[in-house]
Amino acid sequence: MRSSNLRIFLLGGLLVAIGLAMLVSGFASSSPDGLNKVAEDHGFATTARQHLFENGPLAGYAVKGVGNDRLSTGISGLIGVLVTFGIGLALFAVVRALRSDRDGSEPTRAP
Amino acid sequence: MHIPDGFINAPTSLAAGAVAAGGVGVSLRRAAQTLQEKQAPLAGLVAAYIFAVQMLNFPVAAGTSGHLLGGCLAAVLVGPWAGALCVSVVLLVQGLLFADGGLTALGLNIVNMALITAWGGYAIFLLLRRALPATRTGVTISAGVAAGISVVLASLAFVVEYATGGNGGAPVGTVVAAMVGVHTLIGIGEGIITALTVGVVLGVRPDLVYGAADLQTPLVLAPKPGDPAREVS
């Protein structure tokens, strides 16, 4: 019961993340962020070098070859959410496997 | 707040890379001790959620936007150690796949946006929790305010890095004022998003929230008819 609840919670959360990355991302502000604005205003924006993967297939949250901006951003967001979720699941499964005590007891938690 | 290649010189970036590697190593070891089994998949979801919300730049002032950093949010949900790892995963994916955040600046970005927001944010969260009532509302407000302050801490970390090895010759004093000013505004957005998210998770599955573990009511045995409920342990 509890574990199925957890699965539903995780699935719901993932759908929310996908919805935000695919649909809401198209309405995001395209103005420079705080750091980039400060860099522009104070004359060090020009020190930025081109990213090594500037021409990668997903560079700049756009899918190469997709003409429609909103669609391009949305698909790149979907890919990003799924890749991040996959890497996160794998990483934290490894983290759990790193436990030194194998007796299965849960440590007391903060705070 | 992703630093591109070039803003900060190579020695400073390298030093930050060493600090980031050490911080991620500590986080891996400590997360292995503190992360509960049911929280492991949640931590994966938190990383994916932060990636999604980081795409949602909101306007903060004329011609300026900001987005969630998420370290404090992640720390409240899955603990400061796993939380720092969540944001590090996001930064790695953004740097490698989306050309967002320079590769030589990955260490700088992990220090500022993962370690400082997760650890610093969680420390502030704990202080606020002591001052506020031990209720879901108290946890939600503590998370939001701590998250907002964590953004300013991250902007100050950038200033330290810029003062140490910044290119372009901008006076540190003006960079401090500008960074803290704009990131105070972005922090308000960070606080609202963090409080909303923590509030929703507390409403749906309060048992999953690391920073609210003390709020859990003990298990209660089903009472016998006519017998008052007894608490277990």
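**Entry 1: chain A**

I began with chain A and found three helices and zero strands, where helices (H or I, at least four residues) and strands (E, at least two) are DSSP runs numbered from the N terminus. From the N terminus on, I read its elements as α-α-α. A note on the ground rules: this is a predicted model, so to speak of local features I need pLDDT of at least 70, side-chain atom pairs count only at pLDDT 80 or more, and totals for chains, interfaces and linings use all residues. Residues are numbered from 1 along each chain as its sequence is written, while chains are lettered from A and ligands numbered from 1 in the order in which they are written.

I looked up burial next: of the 111 residues in chain A, 26% are buried. Buried here means 20 or more other C-beta atoms within 10 Å of the residue's own, exposed means 12 or fewer, and partly exposed lies in between, with C-beta atoms placed from the backbone. I also checked contacts between residues at least 6 apart in sequence, and in chain A 49% of them join residues at least 24 apart. Two residues are in contact if their C-beta atoms, placed from the backbone, lie within 7 Å.

**Entry 2: positive phi values**

Most residues other than glycine have a negative phi. I therefore paused at A:Tyr61, a residue other than glycine with a positive phi near 55 degrees. I found A:Tyr61 in the loop between α2 (34–41) and α3 of chain A, and it is buried, with 23 other C-beta atoms within 10 Å.

Chain B gave me B:Ala99, not a glycine, with a positive phi of about 55 degrees. B:Ala99 sits in the loop between α4 and α5 of chain B and counts as buried, with 23 C-beta neighbours inside 10 Å.

**Entry 3: where the chains meet**

I then turned to the contact between the chains, which takes 68 residues from chain B and 57 residues from chain A. On chain B, the elements that each supply at least two residues to the side touching chain A include α1 (10–34), β1 (58–61), α5 (106–131) and α7 (172–204). The largest share of that side, 11 residues, comes from α2(B). By class I noted 44 nonpolar, 18 polar and six charged residues on the side of chain B that touches chain A. For the classes, Ala, Val, Leu, Ile, Met, Phe, Trp, Tyr, Cys and Pro count as nonpolar, Asp, Glu, Lys and Arg as charged, and the others, Gly among them, as polar.

One helix pair across the chains caught my eye: α3 (residues 69–97) of chain A packs with α4(B) at an angle of about 135 degrees, with their axes 10 Å apart. Axes are lines fitted to C-alpha atoms, for helices over the stretch in contact, and angles run from 0 to 180 degrees between N-to-C directions. α3(A) and α4(B) are therefore oblique to each other; angles under 35 degrees count as roughly parallel, over 145 as roughly antiparallel, 65 to 115 as roughly perpendicular and the rest as oblique. Among the residues making this contact I listed A:Gly80, A:Val83 and A:Leu91 of α3(A), and B:Leu85, B:Val89 and B:Leu97 of α4(B). The residues of the contact of α3(A) with α4(B) divide into 11 nonpolar, three polar and no charged.

**Entry 4: inside chain B**

α4(B) also meets α2(B): the axes come within 9 Å and cross at roughly 50 degrees. That makes α2(B) oblique to α4(B). I saw B:Ala43, B:Val46 and B:Ile50 among the α2(B) residues here, meeting α4(B) residues that include B:Cys86 and B:Val90. This contact has 11 nonpolar, one polar and no charged residues.

In the strands, β1(B) and β2(B) pair in the antiparallel sense over three bridges; strands pair if DSSP finds at least two bridges between them. B:Pro59 stands opposite B:Ser65 in β2(B). The hairpin has two residues between the strands, and there B:Gly63 takes a positive phi near 70 degrees.

**Entry 5: B:Met179**

My last stop was B:Met179 in helix α7 of chain B, which counts as buried with 25 C-beta neighbours inside 10 Å. Leaving aside neighbours within four places in sequence, I found B:Met179 in contact with A:Val38, B:Ser155, B:Phe158 and B:Val159. B:Met179 and B:Leu156 are 23 residues apart in sequence and 7.4 Å apart in space, C-alpha to C-alpha.

I checked the helix pair too: the axes of α6 (residues 136–165) of chain B and α7(B) come within 7 Å and cross at roughly 155 degrees. That makes α6(B) roughly antiparallel to α7(B). Their contact divides into 24 nonpolar, 10 polar and two charged residues.
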